[in-house]
Structures are given as structure tokens and as C-alpha cells.
Amino acid sequence: MTLRVSVIGTNYLGATHAAGMAEFGHQVIGVDIDPDRVKTLNSGRSHIFEVGLEPLLEKNTSSGRLSFTTDYSQIADWADVHFLALGTPSGPGGGADLGQLHAAIDTLAPMLTKPTLVVGKSTVPVGTAPALQERIRRLAPAGDGVEVAWNPEFLREAFAVEDTLRPDRLVFGVQSEAALELLQRIYAIPLSENTPVITCDLATAELIKAAANAFLATKISFINAMARMCQAAGGDVTLLADAIGFDKRIGREFLNAGLGFGGGCLPKDIRALAVRADELGVSVLSGLIGSVEAINDGQRRDVAELAVEQAGGDVRGKRIAVLGAAFKPGTDDTRNSPALTVADHLHAQGAEVRIYDPQARLPPREGFTQVASVDQAVHGADVVLHLTEWPEFRYLNPTHLAGLVRTKIIIDGRLKLHAATWEQAGWKVVQIGRASTL
Ligand code: UDX
């Protein structure tokens with residue numbers, strides 16, 4: 001059954017959610033304070049690179065089911081459900097900055113004269129939903145008629161459309177039967193496809209999202225700590241991950257060792273969870289997260305140090321080629337990108353850094369030259385660094401590249417290159433987590 005849905009905030013999460021809700025057959029209006037973004041989205045185009053998003057936007061804006069506006073008065077009493085898909089960036093001290101959520105509520109709530117449901121999708125510290133409920137109660141003419149629910153999003157960049165249309169689970173944090181029924185109508189399509197649902201209270205819903213992120217980050221740091229053991233003791237971390245991954249209780253996913261995790265979500269969300277845990281006196285959790293972060297930061301530092309070592313102990317005046325700038329393949333997002341941290345370290349030590357990425361466009365920044373091809377990046381390089389595992393890098397021709405560089409040394413920060421092929425072409429291949437090549 002068609003519902004009227006508003007989605008407030010139209011970045012990665014909101015734009016994809018709005019398009020997904022329209023694809024489920026609902027009438028959707030997305031709201032954003034940025035008029036340029038609204039204009040782009042209304043023309044069926046996307047302001048971000050996300051696989052499959054543009055066709056979905058195009059289809060649903062031209063069918064008239066999906067539109068975007070900067071004007072809250074168009075959605076306030078119109079929508080059956082308002083989704084909050086705003087950013088919760090790191091504030092001072094690492095806790096979540098809820099400014100965008102508060103600003104949206106402060107604009108929307110005074111216009112709500114009829115009962116409605118406000119559903120949070122953003123990742124927030126536990127306790128945020130009841131605080132927003134209270135804020136709305138104070139501001140909305142409809143008062144208690146406006147209910148807050150929490151329905152966290154688990155989407156991964158590069159798979160955001162897939163994760164929205166075919167979620168692996170749905171979490172409904174609700175305060176009433178009526179809110180639950182409305183969410184069931186909104187998600188009627190995935191529910192008819194037997195998507196598992198967890199129905200719970202608001203705090204559990206908020207914590208589920210935080211816990212999922214923290215667990216994923218822990219898995220990555222665990223395998224990176226094992227990579228260090230392999231380096232120290234002579235093992236191969238990829239084979240180790242394959243072997244333990246066959247154990248169904250462990251699973252192979254998120255056991256790829258290398259430069260560690262980055263991006264706009266995991267690093268900031270686990271920090272916010274640690275800050276909240278400390279506020280609530282749960283130091284065992286903040287301590288665990290602190291270790292996960294320390295291992296992750298160490299991976300970036302180690303790869304930069306390896307590059308210095310391979311460049312003869314000093315990178316001043318040396319040319320370093322960096323393959324990859326996005327925080328992971330399949331996206332143009334460079335927020336908290338491990339590749340850029342390594343590049344920054346090397347530039348700070350005097351290296352001339354040339355970066356190539358198939359999608360990410362870097363704003364001009366001192367010390368980096370962004371180039372348009374792998375050939376240009378490696379031209380005259382003293383060390384080549386493979387830092388984001390774009391599939392095309394796996395199929396590079398080492399013999400051809402050998403003719404372009406000054407020194408045939410490549411550091412594989414993502415453990416995805418076929419070392420033997422490179423070695424046959426005369427390269428020295430340094431892979432973290434594999435002692436044999438160090
Ligand atoms: C993540 C969560 O997966 C998603 O559920 C949540 O909603 C938002 O945060 P995303 O930021 O898109 O999604 O990236 P993800 O695919 O999870 O990768 C995160 C980082 O971990 C990347 O930098 C990636 O390169 C790194 N990673 C991932 C590893 O280093 N090793 C792995 O085995 C997997």
C-alpha cells in the first residue's frame with residue numbers, strides 16, 4: 001500500500017533511501033538544505049558516485065513518485081512517515097555531533113499539526129531517540145501525536161542500493177503497535193521476501209547499529225594484529241584468514257588484512273560508541289574499541305614506514321606512486337581514507353607523491369599530484385604503493401610498468417596483488433602480513 005514518505009537529508013544514506021522507498025512504490029519527497037543537490041536529484045542525477053543509484057533516481061523521478069525540495073512545509077503535514085537520514089559527524093572529543101538532527105527537528109516539529117511518525121535512520125549514541133522524542137513533544141503542535149521510532153541503516157557504500165532494496169535484516173525500534181504497523185507497511189516488499197526483522201525498544205535499535213560497526217572494525221583489527229604475528233613469525237595472513245574463515249562461527253568476510261578500515265562511518269561511529277561507553281561508565285567497551293583503533297592507526301603508519309625503508313631510509317626528494325585514493329574500491333569517497341593518510345605521512349617527510357584513483361577526485365592539495373593514469377603515477381617512481389584494491393590494479397601489467405619506474409619496488413598494502421607475477425617481471429614485492437617478502 002502506498003504511503004507518503006519524506007526523507008530528510010539526501011547524502012549517501014538519504015538519497016539512496018529516498019530512491020529505495022520510491023522503488024517500493026511509495027510517494028517520496030526528499031528534503032535537503034542544499035539547493036544545488038536538490039536540483040541535481042530532481043533531474044534524476046546523483047551528486048555522488050554510487051553503483052545503481054542514478055538509474056533508480058531517474059526512473060522514480062520521471063514516474064513522479066520521487067521529488068526533492070528544500071522546503072519543509074511541503075512535507076510536514078503531508079507525510080505519513082518522516083525519515084531522518086542526516087549526518088552525525090564527530091564532534092569535539094569524538095562524540096557524535098547531533099547538530100544536523102537537532103536543526104532538522106527544530107525546523108520540522110513546529111510545522112507538525114497532525115499525528116505522524118518520525119523514524120531515525122542515522123547512527124546515533126544510545127539515548128538520542130528519547131531525547132529527540134522529548135524535543136519534538138516540546139515543539140510540535142501535535143505534541144504526543146508525533147512518535148519517534150528508530151530503524152537503523154546498515155548500507156555499505158558501493159552496495160548501498162542493493163542493501164536498501166534487499167536488506168539482510170530490518171531493525172524496528174518502536175514505542176507502539178501503531179508505529180510497528182506503519183513500518184511493516186513501508187517495508188512490505190522486503191518483508192514479503194522473508195527479510196528477518198528484529199522488533200525492539202529504541203535503545204536496543206540504536207545499540208544494534210553501533211555494535212554492528214564495532215564488531216566489523218574489531219574483526220579487521222584482529223586480522224591485522226594477526227598479520228603482524230605472521231610478519232614476526234613467518235606466516236601468511238591470507239592463508240590464515242582463509243582457513244579460520246571456513247569455520248562458520250567466524251566467517252571469511254571482513255578478514256582481509258592490510259591498511260585497515262576507513263571511510264565516513266566505521267572510524268567515527270566506533271569513536272562515538274567509545275565516548276558514549278565512557279559516559280555510561282562501561283570502560284571495558286571503550287578499552288576494547290581503543291585497542292581496535294590503535295591497531296588500525298598502526299597499519300597506516302607501518303605502511304608509510306615500510307615505504308621509507310624501501311626508499312633507502314629517506315624519502316626526501318623521492319618519487320612515490322600511490323595507486324588508490326578512495327577509502328575502498330567501488331566508491332569515490334575519500335573520507336578518512338587509509339591511502340591518503342599514508343600519502344600524507346610520506347609527503348610530510350619530503351616525498352613527491354603522485355596519486356591515481358579510477359573514481360576519486362581530490363581537491364587540489366599541497367604535495368600531491370593527482371594524475372589520470374597508472375602509467376603517469378608510476379613514471380620515474382622510486383617506490384609504488386598499492387593502497388586501495390580496485391579490481392583493475394590486480395590486472396596491471398608488471399612488465400610494462402617495470403619500464404616506467406626508476407626502481408622496481410611495490411608495496412602491496414591490500415594483499416591483493418599476485419606477488420609471483422610481479423616478481424617474475426623483476427619487481428621486489430613487499431606485502432604486509434607475509435614475512436617471506438620482507
Ligand atoms: C560500513 C558498514 O559496513 C556498514 O554496515 C555501515 O552502515 C557503514 O559503515 P562502509 O563505510 O561503506 O560501510 O565500508 P565497508 O565496506 O564496511 O568497509 C569499511 C572499511 O574497512 C574500508 O576502508 C575497507 O577497505 C576496510 N576493510 C573491510 C578491511 O580493511 N578489511 C576487510 O576485510 C573489510
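**View 1. Residues around the ligand in a predicted model.** Twenty residues surround the ligand, and those that come nearest are Phe154, Glu157, Asn256, Gly262 and Lys328; a residue is in this group if one of its heavy atoms lies within 4 Å of the ligand. This is a predicted model, so local features need pLDDT of at least 70 and side-chain atom pairs pLDDT 80 or more, while totals for chains, interfaces and linings use all residues. Numbering runs from 1 along each chain as its sequence is written, and side-chain values use heavy atoms, with hydrogens and water left out.

**View 2. Polar contacts to ligand oxygens.** Here we're looking at pairs of N or O atoms within 3.5 Å. A side-chain N or O atom of Lys328 sits 2.8 Å from a ligand oxygen. The backbone joins in too: a polar backbone atom of Gly262 is 3.0 Å from an oxygen of the ligand, and for a backbone N or O atom of Leu255 the distance is 3.3 Å. On its own the ligand has 660 Å² of accessible area (Shrake-Rupley, 1.4 Å probe), and the protein covers 92% of that.

**View 3. What the shell is made of.** Sorted by class, the shell holds 10 nonpolar, four polar (Gly counts here) and six charged residues. Helix α9, residues 202–233, gives the most, with four residues; helices are DSSP runs of H or I with at least four residues.

**View 4. A nonpolar patch on the surface.** Leu280, Val282 and Val284 make up this one, together showing about 280 Å² of accessible area. Patch members have over 30% relative accessible area and no salt bridge (Lys or Arg side-chain nitrogen within 4 Å of an Asp or Glu carboxyl oxygen), and nonpolar side chains are joined within 5 Å. Val284 belongs to helix α12, residues 283–310, and counts as exposed (over 50%) because its relative accessibility is 69%.

Note on methods:
Patches are made of residues with over 30% relative accessible area and no salt bridge: like charges are joined within 9 Å, nonpolar side chains (Val, Leu, Ile, Met, Phe, Trp, Tyr) within 5 Å. Helices (H or I, at least four residues) and strands (E, at least two) are DSSP runs, numbered from the N terminus. Buried means under 20% relative accessible area, exposed over 50%, partly exposed in between (1.4 Å probe, protein chains only). A polar contact is a pair of N or O atoms within 3.5 Å; within protein, one must be able to donate a hydrogen and the other to accept it, and residues adjacent in sequence count only if both atoms are side-chain atoms.
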